Structures are given as structure tokens and as C-alpha cells.
Amino acid sequence: MIKYLGSKRALLPLLVGTVDALDGEAPVRTVADLFSGTARVGHALKGAGYRVRSNDHNAYAETLARCYVAADREAHAARAERMLRELAALPGRPGWFTATYAEQARYFSPENAARIEAMREQIERWAPGPELRAVLLTALVQAADRVDSTVGVQMAYLKKWAPRALRPIAPRLPELLPRARHGKGSAHGLDALDAARRLQADVVYLDPPYNQHSYLGNYHVWETLVRWDAPEVYGVACKRIDVQQRKSPFNSKVRIGEAFAALVAACRAERLVVSFSNEGALGYDALVQTLRGRGHVTVLSRGHERYIGHQIGVYNPQGERVGAPGRARNVEYVFVVTPEPFRGGEALLQAGLCDGVQQTLAGASDGR
Ligand SMILES: C[S@@+](CC[C@H](N)C(=O)[O-])C[C@H]1O[C@@H](n2cnc3c(N)ncnc32)[C@H](O)[C@@H]1O
């Protein structure tokens, strides 16, 4: 999967464990992921048997989700593998993409950019159906990501070539999964609020951006590679001109509180799972305050490096607070919002999937 800010790779066992625990309390068949990014959360949930509805407003992310969540292995793997072999054998064909992203800016070596361009043109000529197209484009984006010359975001490129940029690009088949037990997944490219209103699910997962940096600005080359629209670009980083217009309220310190409250109120599921970090634009108390309007809130936390508990402290398996809170580094919170108190936190703690559980926050529904 691509290098991605805020990717939940390290949290996958906790997130899947949380949905499994919710399923143990009342059946879960469908999960909607409204900010899907790399689609790795949807992919893991699909692997666990859930029917996943993924959504992200950027075209590259919708494409990753169509590949990892909607496209089933039995329908596409064999054909995609043959097509990828053909793509990998094509000679480079430099054009506007190479001129922009390997000469004007230097995200890729000219040799790799010309091969990316040839492969992308061929996919356009083949005009495969949407899922096969998404599988091929995902293979291409991921192969390009493995030979890019950046520190992981496309705000800038390195002055000297990164060693990986000098290796030849090599697309390979993404890890497709068979159709999930609970049914076929889907991918959507809606604004999250719109998706919240439209996508019915047993559980909704929310992982909004944490800060002011726009994902479109950070990953504009993937957007262009997927859209293949030869956009007007600006600045040294050669960003697409529409980066200036396509904004998310979740990237604005001023607007995020209101946007989050509207989103939470609009979700069409009784149970919500929400990721947020202690370094985000919305504070812990504000998040809990908003989520309490939908039910009981259980907070699972997972710290990195020296973290030993900050806002909610460290709890032993009996739920007693132990030890003094330490200095916070990066803490990932997973808020679980349920109509009845969630009983699964202890088991997740004992399994080592999180290192803190706070379960005392009753929902507004019980009159507190
Ligand atoms: C923190 S990332 C999600 C990471 C993802 N869970 C993963 O593991 O890769 C937030 C995502 O929200 C998307 N996004 C931001 N604002 C949005 C909006 N208003 N509607 C839909 N998606 C949005 C961004 O494109 C980005 O992919």
C-alpha cells in the first residue's frame, strides 16, 4: 500500500478487533468507512468477512477502495495479472506527465516517468470496466510510490534522487481478497457528509484528517495519475490547480468542530467507531462531547513510544486507573459509540490490542 499520512496500518488489529467485539454484542454485517484513504481498513474488514462500503472524496483513494474493497479476487486477479505483465513490458513514452513530474518537478526519474506514462496511456486505451481499471491503476500508483523521490508527501521532491527512484518501476498485482462472507463491497467518491447520509451500515467508521494539511495537496500526483486529466499546475511542487479549490472542512481548525458534529449526527448506523489522535485539531473533550449525543462512549487508546497515558490514564484489566499519567507523545484514540454500554474493551486490553480503556462516559440517552 502507498505511503500515507494518518494511515491506520498499526491500528488494524485494534480496529478489526473492535468491530468483531461489536459483532459479538449485536450482529454486524456491513461497515461503512467514510474516510478510506489507502483503503487498508476496509481491506482488513473485508478479510474478516464484513461487507464494506468505502468512501473518500479524492479520486485516487476511491480507486484504491474500488480495488481493495469492491473488486473480488475471483473476478479479476487472473486477467489483471496478465494485463500487468503486458504493461510492465511496454517501453517508455515521454509526454506531458514526464515533462511535468520528472523534468519541471522531479518526483520520478525520467525513465520511470516515461514508463508510467506509457502504462497509463495503455490502460486508457484498453478502457476496462471500473473494477479492473481500479486494480490496474492501484498497481500503477503503488509501483510509482515505490520509486518516488520524496519524503512521502508531494509537497516537495528531493533535491538529490532518492536511491529507490533509480530502480526500474515494477507493477505487481495488489492483494485482492475474495468476496466477503457478508456480501460485495463498494467504493464511493462522495463528501463524507453526503456519504454519511446515503450509506446504510451496521457500523460506521470515521477517520477524518487531523490537521490543516490537505490530502489532495499531499498526494496530488496520485490524483493526476488516476484522473489522467493533464491539469494546469502551479508552484515548484507542480500541484494541480484544483488543490486551491477542493478543500475539506476537516482540514480547517475553524470549521472542523461543526463539520464533525454534523457528520456524527448524519451517520445512518447505531454504532460508530471513530479514530482520532491527541495531536489533532479537535481535543479529546470536544470529541467526547459530540459523540455522547449518539450514545455511550468507550475510549480505547494506544500510545506510541514513551506514552504511558495522558488524557485518560492507564487502566489495568479491572478497569482501575494505575500509574501517573506520563507526558503524551502520539496517542491514537478509538472511540466506540453504542446505544448500550460496550463490553468488549476489557478483552481488547487483555489481548494487548490497546493499552487504555475508559468506559465511564454514559451517553446522553441515559439522562446524564
Ligand atoms: C486520516 S486519512 C484516512 C486514512 C485511512 N483510514 C487509512 O488507513 O489509510 C483521511 C482521509 O479523509 C479524506 N477526506 C478528507 N476530507 C474529506 C471529506 N470531506 N469527505 C470525504 N473524504 C475526505 C482524505 O482524502 C483522506 O484520505
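The legends below describe views of a predicted model, beginning with the whole chain and moving to the contact between its two domains.

**View 1. Overall dimensions of the chain.** The chain has 13 helices and twelve strands (DSSP runs, H or I of at least four residues for helices and E of at least two for strands, numbered from the N terminus). The C-alpha trace spans about 65 × 40 × 35 Å along its principal axes. The radius of gyration, taken over C-alpha atoms, is 21 Å, which agrees with the value near 21 Å for a compact globule of 368 residues (2.2 Å times the number of residues to the power 0.38).

**View 2. The two domains.** Domain 1 comprises 9–70 + 178–209 + 248–366, and domain 2 comprises 73–176 + 215–247, with bounds from an automatic or database domain assignment. Their C-alpha centres lie 30 Å apart, and the contact (heavy atoms within 4.5 Å) takes 18 residues from domain 1 and 21 residues from domain 2.

**View 3. Polar links across the interface.** The rule finds one salt bridge between the domains (a side-chain nitrogen of Lys or Arg within 4 Å of a carboxyl oxygen of Asp or Glu). Lys184 forms a salt bridge with Glu131, with the closest N and O atoms 2.9 Å apart. On the side of domain 1 that touches domain 2, helix H3 (residues 59–70) contributes the largest share, eight residues.

**Notes.** Residues are numbered from 1 along each chain as its sequence is written, and side-chain values use heavy atoms, without hydrogens or water. Local features need pLDDT of at least 70 and side-chain atom pairs count only at pLDDT 80 or more, whereas totals for chains, interfaces and linings use all residues.
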